[in-house]
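Hi,

Here is the structure I said I'd pass on. Have a look through it first, and my notes on what turned up are just below.

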Amino acid sequence: MPPQIPYIIANEGCERFSFYGMRNILTVFLMTSLLLAIPEPLRKGEAKEVFHTFVIGVYFFPLLGGWLSDRFFGKYNTIFWLSLVYCAGHACLAIFEDNLRGFYFGLFLIALGSGGIKPLVSSFIGDQFDKSNRTLAQKVFDAFYWIINFGSFFASLLMPIFLDRFGASVAFGIPGALMFIATVIFWSGRRKYTHVPAGASHRDPHGFLKVVRTALLSQAPGQGRGGLFVAGLGMVLAVGALLLTPNLGFVIAFCSALVLVMGFGGVGAWMQLERARAVHPDEAVEGVRTVLRLLVLFALVTPFWSLFDQKASTWVLQADQMAKPEWFKSSMMQALNPALVMILIPFNNLVLYPLLARMGLEVTALRRMGAGIAFAGLAWIVVGGLQLWIDGGHAVDITWQVLPYALLTLGEVLVSATGLEFAYSQAPLAMKGVITSFWNLSVTIGNLWVLLANSSVKGAAVTAYIQSTGTSVTAFQMFFFAGFALLAALLFALYARGYRMQDNYRG
């Protein structure tokens with residue numbers, strides 16, 4: 001086991017306390033303090049929109065962090081300097097508790113800092129291993145995910161109490177102090193880390209983007225340029241999405257444009273990829289093919305994130321409608337998620353997976369992830385049923401939320417903890433940061449689906465249809481997202497059957 005691992009694990013535990021400490025009280029703080037000027041009927045929707053816009057930023061900036069790391073500064077330097085930006089964001093939240101612009105600027109800095117380092121810390125762990133000890137890597141990734149939830153558990157439990165008793169400055173200031181401690185711990189191990197040099201993908205004449213460009217622009221005798229046409233169509237549709245900014249808002253329009261460019265561009269490159277063999281070696285072309293296959297899997301995971309991140313918005317708002325002790329705050333229910341993660345990770349590794357192996361069932365990474373998406377769908381069927389119960393005028397106890405939390409958390413362990421090591425192991429050596437960024441981008445797209453769904457139900461036609469079903473808008477959306485995830489799980493399982501696993505650890 002590499003001796004530098006404890007520095008990274010301890011850093012992550014403090015950083016996750018800081019992040020979830022502020023995130024898990026964000027919706028409540030917006031509803032009860034910062035957005036009081038907004039009429040109460042509209043406040044809930046506005047708070048939900050601000051929350052998911054923030055999450056989109058957190059999981060969009062990994063693209064920037066991965067690019068800066070792989071091309072210029074390396075993982076360690078990028079993590080360290082963006083961690084300082086992260087600390088400044090926490091300071092803004094504590095200082096500008098009554099100032100909308102100052103508070104939103106703090107959220108932007110946290111999104112930039114947290115998002116920028118997010119893909120790098122997990123891939124930095126992978127860099128500490130090579131082919132000789134890679135069997136230990138999944139155990140460390142599980143420990144890494146366990147410590148994330150250790151920090152999240154105490155943050156989810158304590159921060160709502162601090163917000164209620166000591167106010168926003170203290171409640172947002174404590175996570176800032178933990179982030180500063182995390183940065184100091186990470187800096188302390190600087191001479192012990194294995195540092196993979198930056199810039200390899202930039203200097204490589206056969207890098208991913210160069211191969212894709214060759215494939216799209218090359219002509220073949222007697223063949224059309226259908227791939228280039230598809231990629232161009234994606235650009236046109238992306239411009240159309242940006243033109244809808246006044247109606248959709250900048251975040252939805254920009255993220256939709258990004259998805260269109262990536263989706264149509266990837267399909268176009270795949271259609272003409274064989275043409276790149278005239279310019280680039282076979283291994284470079286096959287590397288691009290591997291990455292494109294990987295991005296399809298990531299795209300099929302996005303519905304899971306659209307369900308998972310709503311536990312801090314939609315589920316908290318549902319908990320407000322449920323019967324509970326006077327001292328219990330709705331957002332405290334989120335502490336159940338990391339507590340269950342800390343139980344399920346060792347249970348799965350020590351009991352469940354060995355038991356399934358003895359039964360002759362091989363629990364591969366892709367099988368875990370597909371099952372995890374399905375469990376998330378089941379969780380939302382249960383939470384939708386609870387909402388129907390509430391809408392019927394019944395007093396529903398908050399302990400009923402334990403069941404959907406358990407199902408969603410099992411899905412999280414199967415998808416997220418597995419996906420960290422899967423993304424690293426499948427990425428070519430020169431693209432570790434960028435590919436891990438694409439894994440995090442799947443969370444951005446998942447939250448984009450939430451914003452699009454929320455935007456669609458504001459239309460008169462959709463609202464009228466939902467009313468005709470006899471259910472509330474909230475319950476209808478819950479069952480919609482459940483079906484969305486179950487369909488994605490089916491497509492993921494079908495596509496995964498033809499996926500060829502890679503071993504891209506350094507020699």
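A residue is called buried here when its relative accessible area is under 20%. One thing to keep in mind from the start is that this is a predicted model.

With that cut-off in hand, take F103, which sits in helix α5. Its relative accessibility is 0%, so F103 counts as buried. What does F103 touch, once its neighbours within four places in sequence are left aside? The contacts are L26, F29, L34, L93, F96, E97 and F172. There is also a C-alpha separation of 6.2 Å between F103 and C92, and those two are 11 residues apart along the chain.

Two of those contacts come back in a helix pair. L93 belongs to α4 and F172 to α7, and both take part in the contact between these helices. Here is how that pair is arranged. The axes of α4 and helix α7 (residues 168–188) lie 8 Å apart, at a packing angle of about 165°. Angles over 145 degrees count as roughly antiparallel, so α4 and α7 are roughly antiparallel to each other. Their crossing is left-handed. On the α4 side the contact is made by Y76, I79, F80, S83, L84, Y86, C87, H90, L93 and A94, and on the α7 side by S169, F172, G173, P175, G176, M179, F180, T183, F186 and W187.

S18 is worth a click too. You'll find S18 in helix α1, and with 0% relative accessibility it counts as buried. Not counting residues up to four places away in sequence, S18 touches Y86, H90, P175, L178 and M179. Several names there should look familiar: Y86 and H90 are on the α4 side of the α4 and α7 contact, while P175 and M179 are on the α7 side.

While you're in α4, look at G66, which is placed in that helix. G66 counts as buried, at 0% relative accessibility. How far apart in sequence are G66 and F438? The answer is 372 residues, yet the C-alpha atoms of the two are 9.0 Å apart in space.

Back to α1, which also packs with helix α3 (residues 40–60). The axes of α1 and α3 come within 12 Å and cross at roughly 155°, and the two helices are therefore roughly antiparallel to each other. F19, M22 and R23 of α1 meet F51, F54 and V58 of α3.

Further along the chain there is another pair to look at. Helix α13 (residues 282–308) and helix α20 (residues 473–496) have axes 8 Å apart and pack at an angle of about 160°. That makes α13 and α20 roughly antiparallel to each other, and their crossing is left-handed. R293, V296, L297, L300, V301, P303, S306 and L307 make the contact from α13, and F481, F484, A485, A488, L491, F492 and Y495 make it from α20.

Now for the charges. Side chains of opposite charge can pair when their charged atoms come close. How many salt bridges does the structure hold? There are 9, and these are the ones I'd start with:

- R16 and E12 form a salt bridge, with their closest N and O atoms 3.7 Å apart. Both residues lie in helix α1 (residues 5–23), 4 residues apart, or about one turn of the helix. Both are buried.
- R16 also forms a salt bridge with E15, where the closest N and O atoms are 2.7 Å apart. E15 is buried, as is R16.
- K75 and D127 meet through their side chains in a salt bridge of 2.8 Å, N to O. This pair links distant parts of the chain, 52 residues apart, with K75 in helix α4 (residues 62–95) and D127 in helix α5. K75 and D127 are both buried.
- E274, R277, D282, E286 and R289 are linked in a network of salt bridges.

One last spot is Q128, in the loop between α5 (100–127) and α6 (137–166). Is Q128 buried or exposed? Its relative accessibility is 4%, so Q128 counts as buried. The side chain of Q128 is joined to that of Q4 by a polar contact of 2.7 Å.

Cheers

Definitions and conventions
Residues numbered from 1 in each chain as written. Predicted model: local features only at pLDDT ≥ 70, side-chain atom pairs only at ≥ 80, totals over all residues. Heavy atoms only, no water. Buried < 20%, exposed > 50% of the residue type's maximum accessible area, 1.4 Å probe, protein only. Polar contact = N/O pair within 3.5 Å; in protein donor to acceptor, adjacent residues only side chain to side chain. Salt bridge = Lys/Arg side-chain N within 4 Å of Asp/Glu carboxyl O. Axes fitted to C-alpha atoms, helices over the stretch in contact; angles between N-to-C directions. Parallel < 35°, antiparallel > 145°, perpendicular 65-115°, else oblique. Left-handed = near helix turned anticlockwise from the far one by under 90°. Contact = heavy atoms within 4.5 Å.
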